[in-house]
Structures are given as structure tokens and as C-alpha cells.
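Me: Could you take a close look at one buried spot in this protein for me, and then walk me outward from there? I'd like to know what sits around it.

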Amino acid sequence: MTRGVWATLAVLIMLAKLGKYRVKSELGRGAMGVVYLAEDPRLGRLVALKTMSSSVVDDAELPERFYREAQSAGKLHHPNIVTIYDIDEADGVPFIAMEFLEGETLEKIINSRRDLPILKKLDIVIQVCKGLGYAHQHGIVHRDVKCGNIVVKNDGIVKVVDFGIARVMQSAAMTRAGMVMGTPMYMAPEHVKGLAVDHRADLFSIGVILYEILTYRNPFMAPDMSAILYKIASEDPAPLSSLLPRCPPELEAVVRHALEKDKEKRYQSGEDFAFDLMRIADAFKRDMFEVYVDEGRRSFEEGDFEQAKESLKKVLEIDSNHNIALHLLAKVKEQMLVVQNRRRIEEIVPEARDFLDSGQYDEAIRLLDEILSLDPDHAEAKESRQKAWEARARKSKASQHMENAGNLAEKGDLPATKAQLEEVLALDPQHTSAHALMGWVSRELAEQERQRNVRKYIAAARTRSEAKDYVRALELLEKARLLDPLNNELESLTRMVSSDQEKEE
């Protein structure tokens, strides 16, 4: 039987399927069997599959307990109790499909000695009390309440898991004489003594958990099993105040009440236990509110806005509607925004100046607009933005005139080109391209003027020569030669006029 079960289970896992569920990975192992992460393909949701080990299957009574676990826990629908979806069997392997919890056990949290706020610790135990209180109301005792069977989900919701040895109270007589079920350090005294166990044993276990989560120390820690059981049955744990110097007396009283040896003197319901813890938590909240609000106000007045924000957030994490904290936090955020804006302005003002000085007006205006969006009354930004707009407008006009000058120069209309360049330089006296083109245009215009004068003197000289005024003609030709010494026409005309003059004489 044993080999057959394990062989079947091995094949199932190898095929990554158990019943209708697709197995993804192993989550853990316990006394009852192996727990796997799987997916329900019909609903597309993740589930935890708890299977029975071969030792459980081989025991005639334990499979019955396994199914009873699912039947009893499956009737429980509470936010602080793990939800049972299904119970089934695949090729001789019984399994339970339950809610997959993303989080970590309280045992892991305590072992890591994580620095949790006391309110968070109280909230965890309050949720455990509520979950188990609900189970007790429905006639179910867990019987193995311990830190390892409490999961704190990532969203802060606490779930009680593994009702693997839970009992329906009416069928408690089925327990075999002398059989001990549970984890020793969390057992109630009556459980240790082999007496009748009811829901108040679970409440004792919660008391142990409360003590342990507050101090990170089990109240009945001892070197061996017999010493642990003796302490549970006969000794009171060290006072909570000896381990927590600032422990309020009310909390010490709650722990002491939960750990009463006599179950008749102990808490009688999870609701009563949770109620007392909630009263203490409320008192802690009020004290914390006063401390953190005062700290936040003081930090705000001192200009330490980050610290003020952190202090006030601690209040709002507990009470998101705390009016004073909300109002003060709004003022803190407003001042933080002012500081942030001031720093940003100080950062980009030099950049805006550089862009403005280098003529990159679009970039300068973009930064100046950002400054004014952060501080509408920033005087330098206002003035610089006006200058940038005007300079950009001048630059745009200059660019248009420069384009016109280029087109006119290509057509050979140098006077019009010069006029456009004068417009450019009036707008931008340092315009390099305009100066360069203006130099070329001026030289071309001067050359044209020189050639016109040369032609004028030549024409006048011909007229005077025809009138036999050779002296005046030669004077005009000399003026032309001064303007164009290399002109061949002048040389030829001068010789002709001189020859005619000689003939005349």
C-alpha cells in the first residue's frame, strides 16, 4: 500500500497534475502530507493542494480525520480562516484544495525578530481571535493553534490555517485515550494533563502567541519536552513587564488572563479576548496619535518637512481619516512643494540665462515658462521672458530679411539686396552672415559705380574729340585711366586723340 501510494503520487507530480489541478511547485511538508501550489484550470486561480502522506493513508483512522478536516473547515467562511475549495482523491491520493496565501507565517516573522510596531502585533492577534472565535461558534476547535499555523498575508490580512487536527466538539469522544495532539509549547494545561479539551484550549494557545509576538520569546521555553510540559501545567511565565519595560498594565492583565491554568478563569470566547485587545490597541492609538501629531507639528515649525511628513503618515496609517493629521499633512506637502519648486527654480535659472545669452530663445522661453509656472511672481523670469520673446521676434524678422537678401542677390539686384541687409543689421548688428554678404554687395556696387564712371568719361572724351577739343578730351581720358589703369580701350582712344591733336596743330 505504501509503495503503491508513493509511486502513484510520484507519477502524478511528474505529470504535473493532481485530479483536475495543474501542479506548479511544492510549498511545504507537514505531518499529514505534502502541500503543493497548483492551478484550477477551470477558474484560472491558484490553490494550495494538501495531500495525505502514505503513513496517514495506511492508518485506518487518520484518513477519516483528514476528510473531517475538509468537511469541518469547509463550513467556515471568515476573513481570518483559510478557505477550503474542494476535497477529492486522485488515484488513491486524497487531497484538499484550499486558498493559496501569499505571505509568511507568524513563526517566520517572530524568528526573524522583525521590528514590528506594537499596534501591528496586536492587530495580528486580534484577527486570530476573531477567526478562531468564529470557528468556536460553529462548534470547531482547532487544537493546534501555533505561530506556524498563522499566515500574515502581504496585504496584512491574517489567516488561521491547518485545521488538520480540529475536532467537531460533539465528536470529541472519538479521541483515543491518552492521545496527545498539538504542539507542546502552545498546549493548554488541561491538554497537557490529558483532561477534556474544548475551545478554551485554543484561547490559551492564542495567549502564548500574544506573549511570544510581544517579547519574541515563548513563555514556557525549556530545554526538553518534560520541562516544557511541567512549566505549562505548574509555572506562571515571567511577567510581561520584565521583558517589556514600558508595557501597560492593561496588556499585562490580558496576557495573564489568557494564560490562566484553570480554563474556567481564562477567557471564555475569542470575541472577549479580541475586545480587550482592541481596547488596548485603541489606547495605544490615542497615545501614538498625540505623540506623532505633536512631533509632526514641531518638525513642521522647525522646517523639517520630511520628518513632519513621516510622523503624520504614521498616524494616517492607523486612522486614514484623522482630521488634524490630514490638515497638517496638507500644509506640510504644500511647504514641501514650495521648497521643491524653489530648488528647481535655482537649478534652471542659470540654464535659462545661458540660453538667452547664446541666442537660443526657444529653449530660454521654455525654461522661463517653467519657472513662471512654479513661481508666477518671479521678477527676473518675467523680465527675461519678455526680452526673449522680443529677441526671438527680431531674430525671426532678421531671418526673413536675410532670406530676401539671398534671393535678390541671386537675381543680381544688389541695391535691393543691400536694403534688405541693412534691415537685418538694424535688427541684429552682430549678424555675421549679413556683415559678410554686405561686404560683398558693397564691393560689387562700388565696382559697378567705377565702371559707370569710366564709361561716362570715355563717352564725354569722344564727344570733346569730335568737337576738336582735344585738350578737354585728353583730360577726361586721364580721369578714366585713374579709375581703370588697365583699360585697353582707353589706351587706344588716347593715342587716337593725341594723333588727331598733332594733325590739327
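**A serine in a helix, and what lies around it**

Reply: Let's start with Ser-205, which sits in helix α7, residues 199-215. Keep in mind that this is a predicted model. Ser-205 counts as buried because its relative accessible area is 6%, and the cut-off for buried is under 20%. Leaving out residues up to four places away in sequence, Ser-205 touches Val-145 and Tyr-186.

Now step along to Ile-206. With the same kind of sequence neighbours left out (up to four places away), Ile-206 touches Val-125, Val-128, Cys-129, Leu-132, Val-145 and Phe-273. So Val-145 turns up in both lists: it is a contact of Ser-205 and a contact of Ile-206.Ile-206 also has a place in the bigger picture. The largest nonpolar core has 82 residues, and those touching the most other members are Leu-106, Phe-163, Ile-206, Leu-210, Phe-273 and Leu-277. Helix α11 gives the most to this core, with eleven residues. There is also a second, separate core of 15 residues, with Val-349, Tyr-361, Leu-372 and Ala-381 among them.

Two of those names come back when you look at enclosed space. The model has two cavities of 30 Å³ or more, and the second largest has a volume of about 60 Å³. Its lining is made up of Val-349, Ala-352, Arg-353, Leu-356, Leu-368, Ile-371, His-378, Glu-380, Ala-381 and Ser-384. The elements giving two or more residues to that lining are α13 (323-357), α14 (361-374) and α15 (379-411). The largest share, four residues, comes from α13. By class, the lining of this cavity has six nonpolar, two polar and two charged residues.

Helix α11 shows up again in open space. The second largest pocket has a volume of about 610 Å³. It is lined by 20 residues, and the closest to its centre are Ile-118, Arg-246, Cys-247, Pro-248 and Phe-284. Two or more lining residues come from each of α5 (118-137), α10 (249-258) and α11 (270-301). Of these, α11 provides the largest share of the lining, seven residues. The classes here are 15 nonpolar, no polar and five charged residues.

Finally, a look at the strands. Six of them form an open sheet in the order β1-β2-β3-β4-β6-β5, with antiparallel pairing. β1 (17-18) and β5 (84-90) stand at the edges with a single partner strand each, so one side of each has no neighbour in the sheet. Starting from the β1 edge, two bridges join β1 to β2 (residues 21-29), and Lys-17 has Arg-22 as its bridge partner in β2. The two strands form a hairpin with two residues between them, and Gly-19 in the turn has a positive phi of about 65°.

Next, β2 pairs with β3 in the antiparallel sense over six bridges, with Ser-25 standing opposite Leu-37 in β3. Strand β3 (residues 34-40) then pairs with β4 (residues 45-51), again antiparallel and over six bridges. There, Val-35 has Lys-50 of β4 as its bridge partner.

Definitions and conventions. Residues are numbered from 1 along each chain as its sequence is written. This is a predicted model: local features need pLDDT of at least 70, side-chain atom pairs count only at pLDDT 80 or more; totals for chains, interfaces and linings use all residues. Side-chain values use heavy atoms; hydrogens and water are left out. Buried means under 20% relative accessible area, exposed over 50%, partly exposed in between (1.4 Å probe, protein chains only). Contact means heavy atoms within 4.5 Å. On a 1 Å grid over the protein atoms alone, a cavity is a set of points where a 1.4 Å probe fits but cannot get out, and a pocket is an open set with protein on both sides within 12 Å along at least five of seven lines; lining residues have an atom within 4 Å of a point. Grid points are joined across faces, edges and corners, and a volume is the space filled by probe spheres set on the points. Ala, Val, Leu, Ile, Met, Phe, Trp, Tyr, Cys and Pro count as nonpolar, Asp, Glu, Lys and Arg as charged, and the others, Gly among them, as polar. A nonpolar core is a set of buried Ala, Val, Leu, Ile, Met, Phe, Trp, Tyr and Cys residues joined through side-chain atoms within 4.5 Å. Two strands pair if DSSP finds at least two bridges between them.
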